Structures are given as C-alpha cells and as structure tokens.
Amino acid sequence: PVPCPPGSPAPRLPMALRICTLVCRSWGERPQLCQVACTVGRAESPVRHGAALPQGLDSSLQQWGVAAMAARLAAEAELSPQQRGGTRAHTDILGVDFLLACVDDALELVALATNSQRCLESCVLAEAMGRGVGEPRGDLPRLLAEAMLHRAQCHLVEGKDILLIGAGGVSKSFVWEAARDYRLRVRSSGR
C-alpha cells in the first residue's frame, strides 16, 4: 500500500470486502438506512452471504488498515537504514485512504494512498464531532499517545547500562526480550 504513480492501477490488498445494507421506507416516503453489515474474506474468492460472520463497517475498515500497516512494516523491514531515512526511522502511525472502485467489472475496496497527516486530521475531527453530539470518547487519543510514548521511552533508554539485581528465573524471560528490543546493555549482579 504505497502511493501510486499517475496512470498505474491502485494497490490491492489480498482481502475482499462485501458491504451489505438494509434500507427501509420511512415516514414521509423517504429511504432510511437501518443497518450496515460487512464480511471480509480472501481476495481470490468471492465473499458470499452466510460464508463469514458479519461485522460492522468500522471493524472491517480496521482490518483493512491493519493489513495495510502489516504490509508497510514488512516492506520497511527489507529496507536498509539509509533507505528508511536513518537507523531509528520507521513508521509508527499510518493513515490509509481507501476508495471503492470498479476493478474488472466489480466494485472493490482498494488502498488509494498511505499518509498520516490528512487522515489524522480527519479522524480527530470525526472524534470531536462525535463527542459534540454525545457519543462516548473513542480510543483514538489513547492509542496515539501510547504509540508516541512507547517511541519516546525506547529513545530515552536506548544504549543505557542497566544493572539487574535478582533478575529472576525463566518466568521473567520477557525482561531480557524487552531489554534486547530497547537495545539496553544489561549487567546482572549474579547474587
């Protein structure tokens, strides 16, 4: 999922999305949307009614966004530090623009572009508008803060010397894994 050069087809994720809506005639002879349900499946076979459990549009788009981020992380892992923009440069927050497009005589959801600034602005605005009409606070502020704080904590402790006293046994192996991820130099007291 990277921005396409002009004239090239939009990038396609290996997933398919079926969006079903239930619409009824309301008072005043006007159509009214009652429910939206989606099913997600593999791109190589059509997603059929009854073949997968329905979920909301929000959940479906979350799955697509997660798939786009996974593809971006996999692509970044293959780049050299110079190609990424530096030894510590990597993607922490990714915005993905999707488009419902006609591909091979069928409507498909395709990843149009990846960005962060514009998507972040739109999502923050939607969150604020929802709170303005009484919707409960969403997870956006908490998740963004967690991502930024984790990056800041990693930067603060990177390359530091840590002395562990009574580091524990096998049950504390996660400590050593975290230390390796933070690039800490760990010394043990060897009690």
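## A walk through the model

Among contacts between residues at least 6 apart in sequence, 44% join residues at least 24 apart. Keep in mind while you click around that this is a predicted model.

**Whole chain.** Start with everything selected and coloured by secondary structure. You should find five helices and six strands, and following the chain along its sequence gives β-β-α-α-β-β-α-α-β-α-β. Now switch on a surface: the protein exposes about 14000 Å², with carbon and sulfur atoms supplying 58% of that. Of the 191 residues, 16% count as buried.

**Strand β2, residue T39.** Next, select residues 30–42, which make up strand β2, and pick out T39 inside that strand. Is T39 buried or exposed? With a relative accessible area of 8%, T39 is buried. Show what surrounds T39: setting aside neighbours within four places in sequence, its contacts are A16, L17, R18, V47, A52, L53 and P54.

**Strand β1 and a surface patch.** Move to residues 15–26, strand β1, where I19 sits. I19 counts as partly exposed, at 39% relative accessibility. Add L57 and L61 to the selection: together with I19 they form a nonpolar patch on the surface, with about 210 Å² of accessible area between them.

**The cysteines.** Stay around here and select C20 and C38. Why is there no bond from C20? The closest cysteine sulfur to that of C20 is in C38, and at 7.4 Å it is too far away for a bond. A disulfide pair has to have its sulfur atoms within 2.5 Å, and the count by that rule comes to zero disulfides. While the cysteines are lit up, check their accessibility: C20 is partly exposed at 22% relative accessible area, and C24 is also partly exposed, at 34%.

**Helix α1.** Select residues 57–77 and put a distance label between the two end C-alpha atoms. At 1.5 Å a residue, the 21 residues of this helix should span 30 Å, and the end C-alpha atoms are indeed 30 Å apart, so the two values agree. Then show the side chains of S60, W64, A68, M69 and E76, the buried residues of α1.

**Two salt bridges.** How many salt bridges does the structure hold? There are two.

- Go to helix α3, residues 117–132, and show R131 and E127, which are four residues apart, about one turn of the helix. They form a salt bridge whose closest N and O atoms are 3.4 Å apart. The partners sit on either side of a cut-off: R131 is partly exposed, with 35% relative accessible area, whereas E127 is buried at 16%.
- Jump to helix α4, residues 140–157, for R142 and E146, again four residues apart and about one turn of the helix. Their side chains meet in a salt bridge with an N to O distance of 2.9 Å. R142 is partly exposed, with a relative accessible area of 42%, and E146 counts as partly exposed at 42% as well.

**Strand β5, residue L163.** For the last stop, select residues 161–164, strand β5, and find L163 there. L163 counts as exposed, at 57% relative accessibility. Now add V186 and label the distance: the C-alpha atoms of L163 and V186 are separated by 6.1 Å, with their positions 23 residues apart along the chain.

Definitions and conventions. Residues are numbered from 1 along each chain as its sequence is written. This is a predicted model: local features need pLDDT of at least 70, side-chain atom pairs count only at pLDDT 80 or more; totals for chains, interfaces and linings use all residues. Side-chain values use heavy atoms; hydrogens and water are left out. The expected span of a helix is 1.5 Å times one less than its number of residues. Buried means under 20% relative accessible area, exposed over 50%, partly exposed in between (1.4 Å probe, protein chains only). Contact means heavy atoms within 4.5 Å. Accessible areas come from the Shrake-Rupley method with a 1.4 Å probe; for residues, only the protein chains shown count as cover. Patches are made of residues with over 30% relative accessible area and no salt bridge: like charges are joined within 9 Å, nonpolar side chains (Val, Leu, Ile, Met, Phe, Trp, Tyr) within 5 Å. A salt bridge is a side-chain nitrogen of Lys or Arg within 4 Å of a carboxyl oxygen of Asp or Glu.
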